[in-house]
Amino acid sequence: MAALNYSHLRYFRAIAHDGSLTRAAARLNLSQSALSVQLGKLEAALGQALFERSGRRLLLTEAGRIALDYADTIFEAGEALSATLAGRGAERPLLRVGALPTLSRNFQMEFVGPLLGRGDIELILRSGTMRQLLAQLEAHEIDVVLATAPAPPDARSTLISYRLDEQPVSLVGPPHLGAGFAFPDSLATLPLILPTHGSDAASSDIRAGFDRLLDAAGIEPRILAEADDMAMLRLLARHGEALTLVPPIVVRDELRSGRLIEVVKLPSLTESFHAIVQRRRFPNPLLRELLPR
């Protein structure tokens, strides 16, 4: 194999992170054709195609993902070396966490809790759809995705899912609504706040399961409000005069204070919490403190 040209590797890394020859060429102040030639030389030297086209997008091949892992390590180590010898010291370790906007904020805080308050690291939290977050994970723009479902099964995928927790779903509400409550008969008269039949798989599963319980009991629910965001469900539960269908962690503080009570637990309905990472040769070391061993 020919000796590796690190200029070609740097150009490849820019294309991989930009996802486009056009954007990378503009950032590097090169013509698109010149950048394409440099990429071709690297692929010839490695004996592997590093990208495949999908419409206008460039997607990394398996060899491309491996090459990007090494390229990131090489150039990040070089930047750290320059900073150290210049007397600036290495930058603080960085962990970038992506989470679905519908995911419980309390759960997100519990996940990153071991790192909070540490002055020697930097923590970035982002939100987005599952599709957006998994794309960012595969592009090495974030280090871990928090979700209520594992990564979709795919034989070619390099994603790994860790099941962090599972909770039964409950109906919670102000204490006076729990007096004399009988499941499921009381649901025929009490107003309800429910997750929507939305795009989030877990919320949709919870709602569908709850609807099946009511159908089996022959009950037509009195729905006061619906929301596809757990933070909004929490606010509605705090200020509404209704029973709200949520995992208890969503309203953990309100349950502890007594503002809300767990009126009935529905063990047949559960929500699971997952951390999704990409299989990497050099994973972010901060993840070792957060993921199951």
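**Notebook: sheet, helix α2, P93**

I started with the sheet. It is open, has eight strands and mixed pairing, and runs in the order β4-β3-β5-β10-β6-β9-β7-β8. I looked up its edges next: β4 (122–127) and β8 (222–227) each pair on one side only. I then took the twist. Neighbouring strands are turned by 20° against each other on average, direction ignored. I note here that this is a predicted model.

Next I checked what packs on the sheet. Helix α5 (residues 105–112) does, and it touches β3, β4, β5, β6 and β10. The direction of α5 makes about 145° with that of β5.

I went through some strand pairs. Strand β10 (residues 261–278) pairs with β5 (residues 144–147) in the antiparallel sense, over three bridges. In that pair I found V145 opposite I276 of β10. On β6 (residues 159–173), I counted 14 bridges to β10, and the two strands run antiparallel. There, G173 stands opposite I261 in β10. I also wanted a parallel case. Strands β7 (residues 191–195) and β9 (residues 243–246) pair in the parallel sense, over two bridges. L192 has L243 in β9 as its bridge partner.

**Helix α2**

Which residues of α2 (residues 21–28) are buried? I find L21, A24, A25 and L28. They lie on the same side of α2, because they cover an arc of only 100° around the axis. That fits the general rule: an α-helix has 3.6 residues a turn, so residues three or four places apart point the same way. On the face turned away from the buried side I see the exposed residues R23, A26 and R27.

I then asked what covers the buried residues of α2. The cover includes helices α1 (6–18) and α3 (32–46), along with strands β1 (51–54) and β2 (57–60).

I checked both ends of the helix. At the start of α2, a side-chain oxygen of S20 comes to within 3.2 Å of the backbone nitrogen of T22. Just after α2, N29 takes a positive phi of about 60°.

**P93**

Last, I looked at P93. It sits in the loop between α4 (62–85) and β3 (94–99). Is P93 buried, partly exposed or exposed? P93 counts as partly exposed, because its relative accessibility is 39%. I listed its contacts, leaving aside neighbours within four places in sequence: D120, I121, E122 and L286. I also took one C-alpha to C-alpha distance. P93 and L123 are 30 residues apart in sequence and 8.6 Å apart in space.

Note on methods. Residues numbered from 1 in each chain as written. Predicted model: local features only at pLDDT ≥ 70, side-chain atom pairs only at ≥ 80, totals over all residues. Heavy atoms only, no water. Pairing = 2+ DSSP bridges. Helix = DSSP H or I, 4+ residues; strand = E, 2+ residues; numbered from the N terminus. Buried < 20%, exposed > 50% of the residue type's maximum accessible area, 1.4 Å probe, protein only. Arc of directions from axis to C-beta. Contact = heavy atoms within 4.5 Å. Polar contact = N/O pair within 3.5 Å; in protein donor to acceptor, adjacent residues only side chain to side chain. Axes fitted to C-alpha atoms, helices over the stretch in contact; angles between N-to-C directions.
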